[in-house]
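I opened the model to go through its sheets and its ligand site. My notes follow in the order I looked things up.

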Amino acid sequence: MQKNDIFEIEITDIGVNGEGIGKVDGYTVFVKDAIIGDIIEAKLMKAKKSYGYARLAKILRPSPDRVAPVCPMARKCGGCQIQEMSYEKQLEFKEKKVRGNLARIGGVPEELLDCIMDPIVGMEESAALSAPFYYRNKAQFPVGEDKEGNPIAGFYAGRTHSIIPNTSCALGVKVNEKILNLILDFMREYKIKPYNETAHEGIVRHVLIRYGFRTKEIMVCLVVNAEQLPHSETLAERLAEIEGMTSITLNVNKNRTNVILGEEIKLIWGQEYITDYIGDVKYQISPLSFYQVNPVQTEKLYRLAVEYAGVDGGTVWDLYCGIGTISLFLAKEGCRVYGVEIVPQAVEDARNNARINGIENVEFFAGKAEEVLPEYYREYEKTHGGEKAHADVIVVDPPRKGCEETLLKTMVDMRPERIVYVSCDSATLARDVKYLRENGYEVVRGRAVDQFPHTVHVECVVLMSRVEK
Ligand code: SAH
């Protein structure tokens, strides 16, 4: 096979990034946007020795699992990888992915997985659509310029930094479009330049929008390569007209980086945070704090984590606690909760959230989990005449890279009865599960929760119990 070859191929498998996989005379081909069961005409774009990457040129016979995308940009945009796959198949794919990683990387025996894995928790399909859309409470749109010099907002094309204009993403809330168009009009009128990555010039880099599904409060945060935004009062006045507008801020990011947010927040209108609810717990959310993007599924995820934790008084740690979401759910069960989080503003939000919910049996520490917990453990031993710190349950919910081994080691040293691992990347989860299995713990329950329909991402929760007495 050579570059630019055009050939017919049947898609028989799916890769971790949602791409279709097929074989032609033993040669493996990866095709973005192709779905298991499709027979397609493909064009080889990149040829390696035993495999290659091809582009979907024409669908000759569509898979029974193929559906029409809701978003016309689905193929170009890097946000949704599997929007053309039926929702049922998406769920099946995600469930298999989690299971496969636990077996392959985590070394969990298949027979055990058969017994302990609960079926994936999907999202309800909406009445008008065959799959869930418009579920995200947060969107970050990069801002740039088209060839004529007009400001645009949209999405990065898959794996690139070129912006495809699109202000009406089908995963986000509909008010996003109105907000973005208002900002783009304002930029055009006052000749405010979008940021240019290559030249490191211009002002507006990103627009971050958050929406509280329960409270209907809206937050707009403009990420700027400057200390101020010219005419920001005018912009604020216009945005404030939108129903639900609660918080308008600037985030200063003057670094040459593709990290979206800088560290400094400047209030330009309203208050610095919005409020929302998950279940009956109320949360204040700042621009810099992490907050789960799919509130409907988040509630299911947290209830599952609390169920797995099975707390009955005692001491519980919630590591990587963000604004204290899981911590407060746990604290309501009547245990003593300690939360650890690296972003200082999120810790402030967490303390505040405990206060506004009248929850007192929780305490938050700012710092890295892999530093705070080991330090706590050492100090405890020193100040308690050699006695070791103990936890009844430890909950972790790390970012994609998972936990550091120093943290896992301390967790094991604290001899909790149960460890609840909430994960957004089942590969690193499985790596950490392997360590815990080798150090006295066994997986006893596990379940995936679909927080991100139409993308290849999947969240999951695993319960591990101490087997060594
Ligand atoms: N449990 C929370 C947050 C989960 S996201 C929720 O469901 O809302 C992961 C969180 O870990 C983020 O808030 C991030 O800021 C934080 N974090 C990242 N690295 C960390 C580290 N090394 N130590 C502690 N927290 C960290």
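In what order do the seven strands of the open sheet run, and what is the pairing? I read the order as 9-8-7-10-11-12-13, with mixed pairing.

Before going on, I noted that this is a predicted model, where local features need pLDDT of at least 70, side-chain atom pairs count only at pLDDT 80 or more, and totals for chains, interfaces and linings use all residues. Residues are numbered from 1 along each chain as its sequence is written, and side-chain values use heavy atoms, with hydrogens and water left out.

**Terms for the sheets.** Helices (H or I, at least four residues) and strands (E, at least two) are DSSP runs, numbered from the N terminus. Two strands pair if DSSP finds at least two bridges between them.

**Seven-strand sheet.** I checked the edges of the sheet with the order 9-8-7-10-11-12-13. Strand 9 (163–165) and strand 13 (264–270) each have a single partner strand, so one side of each is left without a neighbour in the sheet. The twist averages 35° from one strand to the next; axes are lines fitted to C-alpha atoms, for helices over the stretch in contact, and angles run from 0 to 180 degrees between N-to-C directions. Strand 7 (residues 138–145) and strand 10 (residues 204–211) run antiparallel, joined by five bridges. I found Phe141 opposite Val207 in strand 10.

**Eight-strand sheet.** I then traced a second open sheet, in the order 6-21-22-20-19-16-17-18, again with mixed pairing. Its edges are strand 6 (117–121) and strand 18 (362–366), each with a single partner strand, so one side of each lacks a neighbour in the sheet. Here the twist averages 15° from one strand to the next. Strand 6 runs parallel to strand 21 (residues 441–449), with three bridges between them. Val121 faces Val449 in strand 21.

**Helix 8.** I looked at what helix 8 lies across: strand 16 (315–319), strand 17 (336–341) and strand 18. Helix 8 runs at about 155° to strand 16. Contact means heavy atoms within 4.5 Å.

**Ligand.** Which residues come nearest to the ligand? Of the 17 around the ligand (a heavy atom within 4 Å), I listed Tyr302, Thr325, Glu341, Ala369 and Asp397. Helix 6 (325–331) and helix 8 (369–383) each supply at least two residues of the shell.

I noted polar contacts as pairs of N or O atoms within 3.5 Å. The side chain of Thr325 has an N or O atom 2.9 Å from a ligand oxygen atom. For Glu341, a polar side-chain atom lies 2.7 Å from an oxygen atom of the ligand.

Key:
Polar contact = N/O pair within 3.5 Å; in protein donor to acceptor, adjacent residues only side chain to side chain.
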